[in-house]
Amino acid sequence: MIFYTLFILPLERLMAWLYASFYGLTDNYGISIILLSLTVNVILLPLYAIAERLKNNERKEKGKLALELDNVSVYGGAEKHYYVREIYRRHGYHPLKSLRVALGILIQVPFFIAASRFLGHYEDFSGLGFLFIKDLSRPDALLPLPGGH
């Protein structure tokens, strides 16, 4: 509940405000959804760049360690663990740093949840179509998922 209140709810409200603004400009539900999607992606661009930089740093660090870690493969069990830990210590690397790679998707998750909650519960879409979509309130029929209506 705290995660929702701190992260998801403010994003939901921001999306609702942006959507209402776009609808006020276009008077079209479908175009407003597209503009909302584009705006959210533009907002996320700096975060994507940071996540990509962290991912590249992780690759570089792992690359530096790779040769030494390959040499440790001749050992087994506790001895191998000791040598790997020693290599990490000498290079100032901690295995938890590898989680930086997941940062890109972790940044996106609150936005996906907020968008899903906002668009999934927006009652004004009921019965309205856009281009080849007959009803904007219905789940995507192109790829039916279990539990979809």
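The legends below describe close-up views of a predicted model.

**View 1. A salt bridge between Arg-117 and Glu-12 joins helix 4 to helix 1.** The side chains of Arg-117 and Glu-12 meet with a nitrogen-to-oxygen distance of 3.1 Å, and this pair is one of 4 salt bridges that the structure holds. Because Arg-117 belongs to helix 4 (residues 103–120) and Glu-12 to helix 1 (residues 2–26), the pair ties together parts that are 105 residues apart in sequence. The two partners can also be described by their accessibility: Arg-117 is partly exposed, at 33% relative accessibility, whereas Glu-12 is buried, at 14%.

**View 2. Glu-86, Arg-89 and Arg-90 are linked in a network of salt bridges.** In the pair formed by Arg-89 and Glu-86, the closest N and O atoms are 2.4 Å apart, while in the pair formed by Arg-90 and Glu-86 the corresponding separation is 4.0 Å. Arg-89 and Glu-86 are 3 residues apart in helix 3 (residues 77–91), so about one helical turn separates them. Arg-90 and Glu-86 also both lie in helix 3, and their spacing of 4 residues is likewise about one turn of the helix. With a relative accessible area of 55%, Arg-89 is exposed, whereas Arg-90, at 48%, counts as partly exposed, because the exposed class begins over 50%. Glu-86, which takes part in the salt bridges with Arg-89 and with Arg-90, is partly exposed, with a relative accessible area of 23%.

**View 3. Ser-32 is a buried residue of helix 2.** Ser-32 has its place in helix 2 (residues 29–72), and its relative accessible area is 0%. A polar contact of 3.0 Å joins the side chain of Ser-32 to that of Thr-26, and the side chain of Ser-32 also reaches the backbone oxygen of Asn-28, at 2.7 Å. When neighbours within four places in sequence are left aside, the residues in contact with Ser-32 are Tyr-19, Phe-22, Tyr-23 and Thr-26. Thr-26 therefore appears both in this set of contacts and as the side-chain partner in the polar contact, since a polar contact has its N or O atoms within 3.5 Å.

**View 4. The largest nonpolar core contains 15 residues and draws on helix 1, helix 2 and helix 4.** Among its members, Met-15, Leu-36, Val-40 and Phe-111 touch the most other members of the core. Helix 1, helix 2 and helix 4 each supply at least two residues, and the largest share, 6 residues, comes from helix 1. Not counting residues up to four places away in sequence, Val-40 touches Met-15 and Phe-111, and these two residues are themselves among those that touch the most other core members. In soluble globular proteins, nonpolar side chains tend to be buried together.

**View 5. Another nonpolar core, of 5 residues, lies apart from the largest one.** The members of this other core include Leu-65, Val-72, Ile-87 and Tyr-93. Leu-65 and Val-72 fall within the span of helix 2 (residues 29–72), and Ile-87 falls within that of helix 3 (residues 77–91), the helix in which Arg-90 and Glu-86 of View 2 both lie.

Conventions:
Residues numbered from 1 in each chain as written. Predicted model: local features only at pLDDT ≥ 70, side-chain atom pairs only at ≥ 80, totals over all residues. Heavy atoms only, no water. Buried < 20%, exposed > 50% of the residue type's maximum accessible area, 1.4 Å probe, protein only. Polar contact = N/O pair within 3.5 Å; in protein donor to acceptor, adjacent residues only side chain to side chain. Contact = heavy atoms within 4.5 Å. Core = buried A, V, L, I, M, F, W, Y, C linked by side-chain atoms within 4.5 Å.
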